[in-house]
Amino acid sequence: MDEASALHELVAAHADMERLTADLGAARERRRSAARQLLEMGHGTSWIARQLDVTPQAVDSFLKSKREHP
């Protein structure tokens, strides 16, 4: 790979990382919002955790993360 090709790949990869980071942030917010709606409907964090195959602590963590890190 020559310098121009390496630089092109670097810039393209950086752009991909920025786009994916933005997409990940949006997905996290959608997950928080949907989980909050399910909580309001009477489902607990354990039920939500089972649907996602994660621990209830993981659900607590992603529900709290936005409030602690706006």
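Mentor: Let's start with a term we'll need: a nonpolar core is a set of buried residues such as Ala, Val, Leu, Ile and Phe, joined through side-chain atoms within 4.5 Å. Keep in mind that this is a predicted model.

Trainee: Okay, which residues make up the largest nonpolar core here?

Mentor: That core has 6 residues, namely A35, I48, A49, V59, F62 and L63. Two elements give two or more residues to this core: α2 (45-52) and α3 (56-68). The largest share comes from α3, with 3 residues.

Trainee: F62 is on that list. What makes us say that a charge sits over the ring of F62?

Mentor: The charge belongs to R31, and its charged end is 3.9 Å from the centre of the F62 ring. The distance limit is 6 Å, and the charge must also be within 35 degrees of the ring normal. The distance fits that limit, and R31 is listed as sitting over the ring.

Trainee: And how many aromatic pairs are there?

Mentor: The count comes to 0. A pair would need ring centres within 6.5 Å.

Trainee: Now the salt bridges. How many does a search of the whole structure find?

Mentor: It finds 3.

Trainee: Why is the contact between D16 and R19 called a salt bridge?

Mentor: The closest N and O atoms of D16 and R19 are 3.9 Å apart. The cut-off is 4 Å, so the contact qualifies. Both residues lie in helix α1, 3 residues apart, which is about one turn of the helix.

Trainee: What about D23 and R19, what distance do we have there?

Mentor: Their side chains meet at 3.6 Å, N to O. That is within 4 Å, so D23 and R19 form a salt bridge too. These two are 4 residues apart in α1, again about one turn of the helix.

Trainee: R19 turns up in both contacts. Which residues are linked in a network?

Mentor: D16, R19 and D23 are linked in a network of salt bridges.

Trainee: Are those residues buried, exposed or partly exposed, and how do you know?

Mentor: Buried means under 20% relative accessible area and exposed means over 50%, with partly exposed in between. D16 is at 39%, R19 at 44% and D23 at 43%. Those values fall between the two limits, so D16, R19 and D23 count as partly exposed.

Trainee: Which other pair meets in a salt bridge?

Mentor: E29 and R32 do, at 3.2 Å, N to O. They are 3 residues apart in helix α1, so about one helical turn separates them.

Trainee: Why is R32 called buried or exposed?

Mentor: R32 has 8% relative accessibility, under the 20% limit, so it counts as buried. Its partner E29 is at 30% relative accessibility and counts as partly exposed.

Trainee: Let's look at the surface. What makes L7, L10 and V11 a patch?

Mentor: Members of a patch have over 30% relative accessible area, and nonpolar side chains are joined within 5 Å. L7, L10 and V11 form such a nonpolar patch, and together they have about 300 Å² of accessible area. L7 belongs to helix α1, which covers residues 3-40.

Trainee: What is notable about phi of D53?

Mentor: Phi of D53 is near 60°, a positive value in a residue other than glycine. D53 lies in the loop between α2 and α3. At 74% relative accessibility, over the 50% limit, D53 counts as exposed.

Trainee: How do you know whether E40 is buried or exposed?

Mentor: E40, in helix α1, has 71% relative accessibility, which is over 50%, so it counts as exposed. E40 and T21 are 19 residues apart in sequence, and their C-alpha atoms are 29 Å apart in space.

Trainee: And what about W47, which class does it get?

Mentor: W47, found in helix α2, has a relative accessible area of 28%. That lies between 20% and 50%, so W47 is partly exposed. The C-alpha atoms of W47 and V59 are separated by 9.9 Å, with their positions 12 residues apart along the chain.

Definitions and conventions. Residues are numbered from 1 along each chain as its sequence is written. This is a predicted model: local features need pLDDT of at least 70, side-chain atom pairs count only at pLDDT 80 or more; totals for chains, interfaces and linings use all residues. Side-chain values use heavy atoms; hydrogens and water are left out. Rings of Phe, Tyr and Trp (its six-membered ring) pair if their centres lie within 6.5 Å; planes under 30 degrees apart count as stacked, over 60 as edge-to-face and the rest as tilted. Patches are made of residues with over 30% relative accessible area and no salt bridge: like charges are joined within 9 Å, nonpolar side chains (Val, Leu, Ile, Met, Phe, Trp, Tyr) within 5 Å. Accessible areas come from the Shrake-Rupley method with a 1.4 Å probe; for residues, only the protein chains shown count as cover. Buried means under 20% relative accessible area, exposed over 50%, partly exposed in between (1.4 Å probe, protein chains only).
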